[in-house]
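Reader: Hi! I'm new to this structure and would love a quick tour. Could you pull it up for me?
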Amino acid sequence: MNAPLLPTSIDDTQARLLAADYVADRRLATVVYLALKLQRPLFLEGEPGTGKTEIARTLAAVLDRPLIRLQCHEGLDLAGAAYEWNYARQMMEIRLAEASGQNGSSASREALAAELFSPKFLTQRALLQAIDPAREVPPVLLIDELDRADEPFEAFLLEVLADFQITIPELGTVKATHPPIVILTSNRTREIHDAVKRRCLYHWVDFPDAARELAILQRRVPGASQALAAQVVAFVQKLRSVELYKLPGVAETIEWARALMELDAIVLDPEVIQHTLGVLLKYQDDIARMQGGEAARLLEQVRHGPPP
Ligand SMILES: Nc1ncnc2c1ncn2[C@@H]1O[C@H](COP(=O)(O)OP(=O)(O)O)[C@@H](O)[C@H]1O
Ligand SMILES: [Mg+2]
């Protein structure tokens with residue numbers, strides 16, 4: 001294996017993530033370090049836009065591993081997530097055997113049956129790809145937004161998470177030679193079953209504090225002036241204390257800073273905030289809540305509050 005070595009300490013983890021522009025706090029760096037060291041899946045839960053998916057991407061980049069992503073959705077099943085027998089190819093094989101008159105004896109029928117359920121006719125999806133024993137370099141396996149999948153799907157995951165293996169009834173058990181680095185994420189639209197969580201290290205990804213959000217902004221939108229970045233962060237931090245249906249995530253802070261730069265805004269003013277609220281808030285009720293002087297009131301607090 002020629003991939004870079006795993007981090008040697010929590011500090012090293014934090015530094016290497018930062019070098020790839022991911023600003024992790026100490027608690028996140030600790031749990032990432034431990035997940036790598038203990039070879040345990042890492043379960044990240046938190047509001048949308050707080051950097052959960054990005055951590056998997058960053059780890060893959062930092063450790064020079066392929067990233068295999070399983071985007072969960074309603075109706076996701078074993079066939080979509082792990083493997084599927086290629087029915088069309090199997091049928092073709094049967095026809096060919098028939099045509100060449102090979103299926104006469106029971107011995108040749110058995111041989112054909114064994115052949116039909118060999119890896120040649122197996123389509124590998126993300127989970128099986130990630131534990132393929134033929135892999136030299138174990139990948140980062142991202143099981144993204146698990147809360148979107150139906151609950152029964154979680155049961156499929158248990159074997160993968162506990163032993164990095166999948167049992168295929170017709171074929172036997174496939175087990176990774178080197179365990180993949182597994183990151184699971186959930187936006188918590190529903191609770192994930194305890195059985196899944198028990199097999200993972202768990203971390204709640206919170207909104208960053210002002211200092212960290214400013215550091216993120218400086219990394220992700222380096223062109224923004226210090227003054228604008230500071231105001232943007234302070235405003236978004238205040239906005240998160242308002243009772244809204246959906247609070248803006250870091251992704252929205254970044255988008256907003258980019259939008260404001262695009263509009264040549266040097267500092268925030270009530271008008272530019274009103275006109276760009278749709279970058280931060282995605283529900284009309286939330287936008288309506290911020291109209292009628294509410295945004296201006298928050299801005300006043302930002303201007304007269306302590307710097308972030
Ligand atoms: N700690 C962080 N350091 C650097 N960038 C971050 C951080 N957290 C979030 N981001 C940025 O926010 C964006 C959204 O993050 P993402 O991982 O998609 O959120 P989630 O998966 O939690 O919904 C990312 O593209 C990344 O640029
Ligand atoms: Mg995500």
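Reader: Leaving aside its neighbours within four places in sequence, which residues is Arg65 in contact with?
Author: Happy to help! This is a predicted model. Beyond those sequence neighbours, Arg65 is in contact with Ala3, Leu6, Ala60, Val137, Pro138, Pro139, Val140 and Ile181.
Reader: And where is Arg65 placed?
Author: Arg65 sits in the loop between helix 3 (52–62) and strand 2 (67–71).
Reader: Is Arg65 buried or exposed, and what is the nearest side chain of opposite charge?
Author: Arg65 is buried, yet has no salt bridge. The nearest side chain of opposite charge is that of Asp64, 7.8 Å away.
Reader: Let's switch to the sheet. What order do the strands have?
Author: The five strands form an open sheet in the order 2-5-8-1-9, with parallel pairing. Strands 2 and 9 are at the edges with a single partner strand each, so one side of each has no neighbour in the sheet. From one strand to the next, the twist averages 20°.
Reader: How many bridges join strand 1 and strand 8?
Author: Four bridges, in the parallel sense, pair strand 1 (residues 42–46) with strand 8 (residues 181–186). Across from Leu42 in that pairing stands Ile183 of strand 8.
Reader: Nice! One last thing: where is Arg199 found?
Author: Look in the loop between helix 9 (194–198) and strand 9 (201–205). Arg199 is partly exposed, because its relative accessible area is 26%, between the 20% and 50% cut-offs.
Reader: How far apart are Arg199 and Leu158?
Author: They are 41 residues apart in sequence, and 7.8 Å apart in space from C-alpha to C-alpha. Leu158 is also among the residues in contact with Arg199, including Arg40 and Pro41.

Note on methods: Residues are numbered from 1 along each chain as its sequence is written. Chains are lettered from A and ligands numbered from 1 in the order in which they are written. This is a predicted model: local features need pLDDT of at least 70, side-chain atom pairs count only at pLDDT 80 or more; totals for chains, interfaces and linings use all residues. Side-chain values use heavy atoms; hydrogens and water are left out. Helices (H or I, at least four residues) and strands (E, at least two) are DSSP runs, numbered from the N terminus. Buried means under 20% relative accessible area, exposed over 50%, partly exposed in between (1.4 Å probe, protein chains only). Lys and Arg count as positive and Asp and Glu as negative; His and the chain ends are not counted. A salt bridge is a side-chain nitrogen of Lys or Arg within 4 Å of a carboxyl oxygen of Asp or Glu. Contact means heavy atoms within 4.5 Å. Two strands pair if DSSP finds at least two bridges between them. Axes are lines fitted to C-alpha atoms, for helices over the stretch in contact, and angles run from 0 to 180 degrees between N-to-C directions.
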